[in-house]
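Visitor: Please put the structure up, and then we can go through its sheets, helices and cysteines by question and answer.

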Amino acid sequence: MRIALVITELHPGGAEKCCVNLACYLQARGHQVGVWQLWPAPPPDRRQLTAQLDQHGIAWRSGNARSATHFVRATRWLRRELIAFQPDATQSFLFHANLSAALVHGLSPSRLPGRLYGGARVVQPERWRQKLQYWAAGRMDKLVCVSPSVAEHCRLQEGIAVDKLLVIPNGLDLSASLTENPSTENPSAQNRVCWSAFGLPRQARVLLFVGRLTAQKGIVEFMSRTAPELLAQLPNHHLVLMGDGEQAAELRRLIGLSAAAARIHLVGWQPQPMQWMQAAELLFLPTRYEGMPNVILEAMGVAKPVVSFDVDGVRELLGDEATATAQIVPPRDWPAFGAAIVELANDQALQVSCGQANMLRVRRHFDLNDQLARYEQLYQSL
C-alpha cells in the first residue's frame with residue numbers, strides 16, 4: 001500500500017513519535033510511506049525524529065506554515081503533494097493536520113480515491129475546535145482516538161458518530177528500555193550523568209516534571225499553589241522542570257521569588273527524557289487535560305512511579321489500582337496532589353513497588369509493535 005502520514009509538526013513529542021514510529025513500522029512491512037508536516041523543518045537541535053526517518057530512507061516534506069494564518073497556503077501545498085503521491089490511505093495526526101487532510105480530501109475526491117483516517121490525540125477543550133473536528137471527522141473513514149476517554153469525549157461533546165471512532169492507544173518500544181530492571185541500577189551513577197551539569201548535588205533526590213510549559217500542563221499553577229509547601233515538607237528533594245514553552249518566563253519569575261529557589265531547576269528541553277526519568281525518584285504531571293500522556297508511559301517503561309491528576313487517558317495507562325498507591329488524585333485537587341508526592345517521596349519501598357507494577361503494565365498492555373500493527377490492520381481492512 002501507499003500510505004501518507006500527515007502531521008502538524010515533527011518536533012519531538014508524543015504524537016510526533018507515534019507518527020515516525022508508524023512510518024518506520026509500515027515501511028519495514030513493505031509499504032511505501034511518506035510523511036508530510038505542515039510546519040517548517042525542526043531546528044538542528046530538534047531533529048531526532050526527522051533523523052530517524054532519514055535513517056530508514058523515508059521521505060518527509062514540510063509545508064513551512066509558521067502560524068495559523070499560513071494554514072490555507074499549507075493546505076494547498078498538501079493537496080498538491082498528496083495528489084502527486086496518490087496514497088491508498090492517509091493518516092493524519094493532531095488538530096491542524098486533521099483539518100488540512102480533511103479539506104484536501106474534500107476538495108479532491110476524484111483525484112484522491114484513497115481512504116482518510118484522522119487522529120484524536122487529546123481532548124479538545126475549546127468549543128470552536130470541537131465543531132471543526134466534528135466537520136473533519138465527517139470526511140474521514142475513521143477517527144483514531146488515543147484512549148477510550150478521548151473517544152467518549154468525541155462522541156459526547158463533539159457529536160461524532162460512534163462507528164467513526166476507533167481506539168488505538170500509545171505504545172512504548174520495550175526493546176529500547178534503558179535497562180531490563182531499572183530499579184537495580186546505581187542511582188548515583190545516573191545522577192552524575194543527568195544532574196551535575198545543572199548544578200544539582202551528585203546524589204540529588206529529584207522530583208521530575210517533563211512537558212511543554214503551557215497552561216494545559218498546569219505547571220505554573222503547581223509552582224504557585226503546591227511547590228512551596230511541598231519543598232518545605234521535603235527539604236532534601238529538588239524539583240527539576242524539563243521542557244520549554246510560552247510559560248517559561250513566568251516560571252523563572254516564580255522560581256526567583258521562591259524561598260527554595262536553589263532547589264528548583266528549569267532545565268529547558270532535553271533530547272533524552274527517559275534517562276532523566278530513570279535518575280529521578282518520580283514523575284509528576286499536574287496537567288489539566290490530556291489524551292493519553294506519552295510522558296507517563298515513558299516513566300512507566302523505566303519503572304518509575306507517577307503522580308498525576310485523573311484526567312483523560314491517565315487511568316487507562318496506570319490502571320485503577322494506581323489510586324490506592326497515591327499515583328492518581330482527583331482533578332484540580334492541589335492539596336491531594338502535593339500529599340501524594342510527599343507520600344511517595346518519603347517511602348522508597350512504595351516507589352519501587354509502584355515502579356515495578358508500572359513497568360509490568362507497560363509490557364502487558366502497551367507494547368509499541370502491538371499498537372502499530374493495529375494501524376496496519378485498519379488500513380488493510382478497509
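**Strand β9 and its surroundings**

Guide: In this predicted model, strand β9 is mostly covered, with six of its six residues buried.

Visitor: Which residues of β9 are buried on one side, and which on the other?

Guide: In a regular strand the side chains alternate between the two faces of the sheet. Both faces of β9 are covered. One side holds His237, Leu239 and Leu241, and the other holds His238, Val240 and Met242.

Visitor: What is the strand order of the open sheet of six strands?

Guide: Strands of a sheet pair through backbone hydrogen bonds, either parallel or antiparallel. The pairing in this open sheet of six strands is parallel. Its order is β10-β9-β8-β11-β12-β13.

Visitor: Which strands stand at the edges of that sheet?

Guide: An edge strand here has a single partner strand, so one side of it is left without a neighbour in the sheet. The strands in that position are β10 (264-268) and β13 (328-329).

Visitor: Which helix packs on this sheet, and what angle does its direction make with that of β12?

Guide: Helix α14 (residues 334-345) packs on the sheet. It touches β8 (205-210), β9, β11 (282-285), β12 (306-309) and β13. The direction of α14 makes with that of β12 an angle of about 175°.

Visitor: How many bridges join β8 to β9?

Guide: The strands β8 and β9 run parallel. Within this pair, arginine 205 has histidine 237 in β9 as its bridge partner. The number of bridges joining β8 to β9 is six.

Visitor: On the β10 side, what is the bridge partner of valine 240?

Guide: Strand β9 (residues 237-242) pairs with β10 in the parallel sense over four bridges. Methionine 242 stands opposite glycine 268 in β10. For valine 240, the bridge partner in β10 is histidine 265.

Visitor: Is histidine 265 buried or exposed?

Guide: Histidine 265 lies in strand β10. Leaving aside neighbours within four places in sequence, histidine 265 is in contact with Phe198, Leu200, His238, Leu239, Val240 and Leu241. With a relative accessible area of 10%, histidine 265 is buried.

**The seven-stranded sheet**

Visitor: Which are the edge strands of the open sheet of seven strands?

Guide: This sheet has the order β3-β2-β1-β4-β5-β6-β7, with parallel pairing. The strands that pair on one side only are β3 (59-62) and β7 (165-167).

Visitor: What is the average twist from one strand to the next?

Guide: The value belongs to the open sheet of seven strands, where the pairing is parallel. From one strand to the next, the twist averages 20°.

Visitor: Which residue in β7 does cysteine 145 stand opposite?

Guide: Strand β6 (residues 142-145) pairs with β7 in the parallel sense over three bridges. Helix α6 (residues 148-156) packs on the sheet and touches β5 (115-120), β6 and β7, with its direction at about 170° to that of β7. The residue in β7 opposite cysteine 145 is valine 167.

**Cysteines**

Visitor: How many disulfides does the structure hold?

Guide: A disulfide needs a pair of cysteine sulfur atoms within 2.5 Å. Cysteine 24, buried at 9% relative accessibility, has its nearest cysteine sulfur, that of cysteine 19, 9.5 Å away. Cysteine 154, buried with a relative accessible area of 1%, has its nearest cysteine sulfur, that of cysteine 145, 4.2 Å away. The number of disulfides in the structure is zero.

**A helix contact and two backbone angles**

Visitor: At what angle do the axes of α12 and α15 cross?

Guide: Two packed helices are described by the angle between their axes and the distance between the axes. For helix α12 (residues 294-301) and helix α15 (residues 348-365), the axes come within 7 Å. Helix α12 is roughly perpendicular to α15. The crossing angle is roughly 110°.

Visitor: How do the residues of this contact divide into nonpolar, polar and charged?

Guide: From α12, Leu297, Met300 and Gly301 meet Gly355, Asn358, Met359, Arg361 and Val362 in α15. The contact of α12 with α15 divides into four nonpolar, three polar and one charged.

Visitor: What is the phi of alanine 303?

Guide: Alanine 303 is found in the loop between α12 and β12, and at 7% relative accessibility alanine 303 counts as buried. Leucine 94, in the loop between β4 (89-93) and α4 (95-107), has a positive phi of about 80° although it is not a glycine. Alanine 303, not a glycine either, has a positive phi of about 60°.

Technical notes: Residues numbered from 1 in each chain as written. Predicted model: local features only at pLDDT ≥ 70, side-chain atom pairs only at ≥ 80, totals over all residues. Heavy atoms only, no water. Axes fitted to C-alpha atoms, helices over the stretch in contact; angles between N-to-C directions. Parallel < 35°, antiparallel > 145°, perpendicular 65-115°, else oblique. Contact = heavy atoms within 4.5 Å. Nonpolar A, V, L, I, M, F, W, Y, C, P; charged D, E, K, R; others polar. Pairing = 2+ DSSP bridges. Buried < 20%, exposed > 50% of the residue type's maximum accessible area, 1.4 Å probe, protein only.
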